[in-house]
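Student: Please take a close look at the salt bridges here, and go through the residues involved with some care. I would like to know where they sit and how buried or exposed they are.

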Amino acid sequence: MAGTAASVERVRDRATGLDKFVLREVRGSSVEVYLYGGQVTFWKNNFGHQLLFVSKKATFKPPKAIRGGIQICFPQLGSHGVLEQHGFARNRFWSVDESPPPFPVATSNCHIDLILKSCQEDLKVWPHSYEFRLRVALSPRGDLILTSRIKNMSSDGKPFQFTFAYHTYFSVSDISEVRVEGLETLDYLDNLQSRNRCTEQGDAVVFESEVDKVYLSAPQKIVIIDHEKKRTFVLRKEGLPDVVVWNPWDKKAKAMPDFGDDEYKNMLCVGAAAIEKPITLKSGEEWLGKQEISAVPSSYSSGQLDPEVIRRMHTI
């Protein structure tokens, strides 16, 4: 039920024992963010419908990452590096950032600021001093905005490099009825073919088997159209040139202990990323990367987006 004012509340989740923040907007939308992993797990629209996918077999038990929601992949994505899968940010306990520096642009008043700093455990595997500030915001109309700011805090003056992704699990009705637009004609790295560089040939990305791709130099706005639910997700990004698209399909789904055998049918990962060209930060420099996602009603006919979708794409 909608309230009279936006709110941010810290609660201890009884089922998991983990602390989380619940953001609620006046019209009824809400977001849940765990301190573990700095991870958004639930994003509900004004009608209470969950828009993100979280596996029913997700463990919520550190040090295992939470399967679903929006995973923060830093300082590497996947296994393309010397670190653990998707880096360590999603496996760390974050803190509340009590005094974040001013943001370059105003964001919603309904937000929570978190911070992750390098620790001895991190320095053993990635010997760089950093501060990672994350703001999770919910707009009055229910859009979800994640803004990351990463700063090189090294005292030795040395630069460091990293890759990054918002590994975003969208909830969909049927993966075979979903299409992603905005990636057509782009080059991509196919992780199922040893990162072979290919070019997207279709007029949209559709799904008939396992997909694990990084689309390069993608436009700022991508749309994910769910025909059955008549819902379109609009993803907008800044500071993140690439887009990750992933679905494990049936065989790989069965091999993952924290993922249901048939759950691949009801999820799709599409997230803003910086993969092909790692981000380089000199000592004292800061990088900012943002992802905004909205969910709007849509109809799809003869390749035309619903006018409401087009309007929202130009206003978010």
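Tutor: In this predicted model, E9 has a relative accessibility of 38% and therefore counts as partly exposed, since that class lies between the limits of under 20% for buried and over 50% for exposed. Its side chain meets that of R24 in a salt bridge, with an N to O distance of 3.3 Å. The pair links distant parts of the chain, for E9 lies in strand β1 (residues 7–12) while R24 lies in strand β2 (residues 19–24), 15 residues apart. R24 is likewise assigned to the partly exposed class, because its relative accessibility is 38%.

A further salt bridge joins the side chains of R10 and D19, at 3.0 Å from N to O. R10 is partly exposed, with a relative accessible area of 47%, whereas D19, at 18%, counts as buried; the value for D19 falls under the 20% limit, so the residue is placed in the buried class. D19 is located in strand β2, and its surroundings can be described a little further. Its side chain makes a polar contact with the side chain of R10, again at 3.0 Å, so that this pair of residues is described by a polar contact as well as by a salt bridge. When residues up to four places away in sequence are left out, D19 touches R10, V11, R12, Y34 and L35. The salt-bridge partner R10 is thus one of the residues that D19 touches.

Elsewhere in the chain, E292 and K290 form a salt bridge in which the closest N and O atoms are 3.3 Å apart. Here E292 is buried, with a relative accessible area of 12%, and K290 is buried too, with a relative accessible area of 11%. In the E9 and R24 pair, by contrast, E9 is partly exposed and R24 is partly exposed, while the R10 and D19 pair joins a partly exposed arginine to a buried aspartate.

Salt bridges can also be joined into a network, as they are for D97, K117, E131 and R133, which are linked in this way. The structure as a whole holds 22 salt bridges, among them the one between R24 and E9, the one between R10 and D19 and the one between E292 and K290.

Key:
Residues are numbered from 1 along each chain as its sequence is written. This is a predicted model: local features need pLDDT of at least 70, side-chain atom pairs count only at pLDDT 80 or more; totals for chains, interfaces and linings use all residues. Side-chain values use heavy atoms; hydrogens and water are left out. A salt bridge is a side-chain nitrogen of Lys or Arg within 4 Å of a carboxyl oxygen of Asp or Glu. Helices (H or I, at least four residues) and strands (E, at least two) are DSSP runs, numbered from the N terminus. Buried means under 20% relative accessible area, exposed over 50%, partly exposed in between (1.4 Å probe, protein chains only). A polar contact is a pair of N or O atoms within 3.5 Å; within protein, one must be able to donate a hydrogen and the other to accept it, and residues adjacent in sequence count only if both atoms are side-chain atoms. Contact means heavy atoms within 4.5 Å.
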